[in-house]
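Grab a pencil and work through these exercises with the model open beside you. Try each task before you read its solution.

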Amino acid sequence: MAKPVKTVKERNLFDEIDLKIMLINEQIKNHRRSIEKAKRECGWNGPSAVGGVDYSKEQSKGVHIAFIDGLRMIELDERRIRELEEERKDLRKSKKRIKRIYESLAGYESQVYYYRIIRKMTQAAAADEMSISVRQFKSFEIFMNEKGLMLRVQN
């Protein structure tokens, strides 16, 4: 009997990590834009840092931010950029580690790891894909847990 075609896009850990990295990149871009906007609204000169404040200009009709407020806004954005860059770095390391582990496995261990970690399937669904019993699948998973190869997964 043929299995029904799945219409829902399958989950994949690598795709999820790539999506998180892409979202972090967008957040970093937005924080950098925010920094540039704060500099403009404070009247700061200079392409890369504070070059000075032009006190000779009369107040323009647009939004104007006080120097100290602009400085605080920029510090918050820069701190958030550093946090996001660290998070992106950790995601890339995790992806490489998961890939290394997966490539080092063979046979049933490779399949168990693929279905449980990379595809994030339940034990029952993974056992069905491998055409083995759930009990057999669990024993493979327990063995791999003892070897330290499995991450914590939730059914």
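Helices here are DSSP runs of H or I with at least four residues, and they are numbered from the N terminus. Keep in mind that you're looking at a predicted model.

**Exercise 1. The overall layout**

Task: How many helices and strands does the chain have, and what pattern do they follow along the sequence?

Solution.
- Step 1: Count the elements. You should get five helices and zero strands.
- Step 2: Read along the sequence, and the pattern is α-α-α-α-α.
- Step 3: Look at burial. Of the 155 residues in the chain, 29% are buried.

**Exercise 2. Partners within one helix**

Task: How many residues apart are E36 and K39, and what does that mean in helical turns?

Solution.
- Step 1: Place both residues. E36 and K39 sit three residues apart in helix α1, so about one helical turn separates them.
- Step 2: Check the charged atoms. A salt bridge needs a side-chain nitrogen of Lys or Arg within 4 Å of a carboxyl oxygen of Asp or Glu. The closest N and O atoms of E36 and K39 are 4.0 Å apart, and the two form a salt bridge.
- Step 3: Check the burial. Buried means under 20% relative accessible area, and exposed means over 50%. K39 has 10%, so K39 is buried. E36 has 37%, so E36 is partly exposed.
- Step 4: Try the same steps in helix α2. R80 and E83 are three residues apart there, which means about one helical turn lies between them. They form a salt bridge too, with the closest N and O atoms 3.2 Å apart. R80, at 30%, is partly exposed, and E83, at 40%, is also partly exposed.

**Exercise 3. Partners far apart in sequence**

Task: Which residue forms a salt bridge with K120?

Solution.
- Step 1: Find the partner. It's E16, with the closest N and O atoms 2.7 Å apart.
- Step 2: Locate the two ends. K120 is in the loop between α3 and α4, while E16 is in helix α1, so to speak a link between distant parts of the chain, 104 residues apart.
- Step 3: Compare accessibility with the cut-offs. K120 has 29% and is partly exposed; E16 has 24% and is partly exposed as well.
- Step 4: Put the pair in context. The whole count comes to nine salt bridges. As a general idea, side chains of opposite charge can pair when their charged atoms come close.

**Exercise 4. The inside**

Task: Which residues touch the most other members of the largest nonpolar core?

Solution.
- Step 1: Pick out the best-connected members. They are I98, Y113, F137 and M144, in a core of 32 residues.
- Step 2: See who contributes. α1, α2, α3, α4 and α5 each give two or more residues to this core.
- Step 3: Find the largest share. α1 supplies it, with nine residues.
- Step 4: Recall the general trend. In soluble globular proteins, nonpolar side chains tend to be buried together.

**Exercise 5. Buried or exposed?**

Task: Is M130 buried or exposed, and what about R100?

Solution.
- Step 1: Take M130, found in helix α4. Its relative accessible area is 9%, so M130 is buried.
- Step 2: Measure across from M130 to Y115. They are 15 residues apart in sequence, with their C-alpha atoms 9.0 Å apart in space.
- Step 3: Now take R100, in helix α2. Its 54% is over the cut-off, so R100 is exposed.
- Step 4: Look at the company R100 keeps. R92, K96, R97 and R100 gather in a patch of positive charge on the surface.

Technical notes: Residues are numbered from 1 along each chain as its sequence is written. This is a predicted model: local features need pLDDT of at least 70, side-chain atom pairs count only at pLDDT 80 or more; totals for chains, interfaces and linings use all residues. Side-chain values use heavy atoms; hydrogens and water are left out. Patches are made of residues with over 30% relative accessible area and no salt bridge: like charges are joined within 9 Å, nonpolar side chains (Val, Leu, Ile, Met, Phe, Trp, Tyr) within 5 Å. Accessible areas come from the Shrake-Rupley method with a 1.4 Å probe; for residues, only the protein chains shown count as cover. Lys and Arg count as positive and Asp and Glu as negative; His and the chain ends are not counted. The place of a charge is taken as NZ of Lys, CZ of Arg, CG of Asp or CD of Glu. Buried means under 20% relative accessible area, exposed over 50%, partly exposed in between (1.4 Å probe, protein chains only). A nonpolar core is a set of buried Ala, Val, Leu, Ile, Met, Phe, Trp, Tyr and Cys residues joined through side-chain atoms within 4.5 Å.
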